[in-house]
Amino acid sequence: MKRFSWLLVVALASAVVFVGCGKKNGVDTGQLQRSFRSAEPATQSEVDKAVTAVQDGKYSEALAYLNKVASQAKLTPEQEGALKDVIAQIQKQITAAAGDIQKQADEMQKSLPLK
């Protein structure tokens with residue numbers, strides 16, 4: 001059982017590193033950045049922080065920044081659309097990563113000898 005736990009920890013860590021460190025993370029923030037170029041400096045700063053978090057693979061942090069922007073700022077229809085699109089892309093990446101982790105855990109469990 002300890003061996004399984006150890007293997008599971010290694011698999012989870014590998015998956016997190018794989019998902020978090022990829023240059024191509026599957027989230028396009030270009031439209032988001034363009035739509036907030038003329039926003040208030042404080043709002044633009046929050047969007048910039050969210051973009052940096054996405055680039056670093058810190059999706060939960062990015063969602064927190066984006067939700068803050070969505071709840072506090074007066075947004076144009078273009079900005080609202082860009083926010084919704086990026087949030088959906090982030091959620092898709094999180095779901096995919098969770099599925100990959102579950103698949104790895106299932107495969108590891110199958111490969112362990114039963115006792």
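Which residues does Ser 35 touch, not counting residues up to four places away in sequence? They are Glu 78, Gln 79 and Ala 82. Keep these contacts in view while walking through this predicted model.

Start with the overall layout. The chain holds 5 helices and 0 strands. Read from the N terminus, its elements run α-α-α-α-α. Of the 115 residues in the chain, 31% are buried. Among contacts with a separation of 6 or more, 69% join residues 24 or more positions apart.

Now return to Ser 35. This serine is found in helix α2, which covers residues 30–35. Its relative accessibility is 5%. Buried means under 20%, so Ser 35 counts as buried. Two of the residues that Ser 35 touches, Gln 79 and Ala 82, are also among the buried residues of α5.

Next comes α5 itself. This helix takes in residues 77–111, 35 residues in total. At 1.5 Å a residue, α5 should span 51 Å. The end C-alpha atoms are 51 Å apart, which agrees. The buried residues of α5 are Gln 79, Ala 82, Leu 83, Val 86, Ile 87, Gln 89, Ile 90, Ala 97, Ala 105 and Met 108.

Helix α4 can be read in a similar way. It has 14 residues. From first C-alpha to last, α4 reaches 20 Å, close to the 20 Å expected at 1.5 Å a residue. Its buried residues are Tyr 59, Ala 62, Leu 63, Leu 66 and Val 69. They cover an arc of only 125° around the axis, which puts them on the same side of α4. The general rule behind such a pattern is simple: an α-helix has 3.6 residues a turn, so residues three or four places apart point the same way. The face of α4 turned away from the buried side carries the exposed residues Ser 60, Ser 71 and Gln 72.

Gln 72 leads on to a pocket. The second largest pocket has a volume of about 210 Å³. It is lined by 13 residues, and the closest to its centre are Glu 40, Thr 43, Gln 72, Ala 73 and Lys 74. Which elements give two or more residues to this lining? They are α3 (41–55) and α4 (59–72). By class, the lining has 6 nonpolar, 3 polar and 4 charged residues. Gln 72 thus has two roles in this description: an exposed residue on the face of α4 turned away from its buried side, and one of the residues closest to the centre of the second largest pocket.

Notes. Residues numbered from 1 in each chain as written. Predicted model: local features only at pLDDT ≥ 70, side-chain atom pairs only at ≥ 80, totals over all residues. Heavy atoms only, no water. 1 Å grid on protein atoms, 1.4 Å probe; cavity = no way out; pocket = protein on both sides within 12 Å on 5 of 7 lines; lining within 4 Å. Points joined across faces, edges and corners; volume = space filled by probe spheres on them. Helix = DSSP H or I, 4+ residues; strand = E, 2+ residues; numbered from the N terminus. Nonpolar A, V, L, I, M, F, W, Y, C, P; charged D, E, K, R; others polar. Expected span 1.5 Å × (residues − 1). Buried < 20%, exposed > 50% of the residue type's maximum accessible area, 1.4 Å probe, protein only. Arc of directions from axis to C-beta. Contact = heavy atoms within 4.5 Å.
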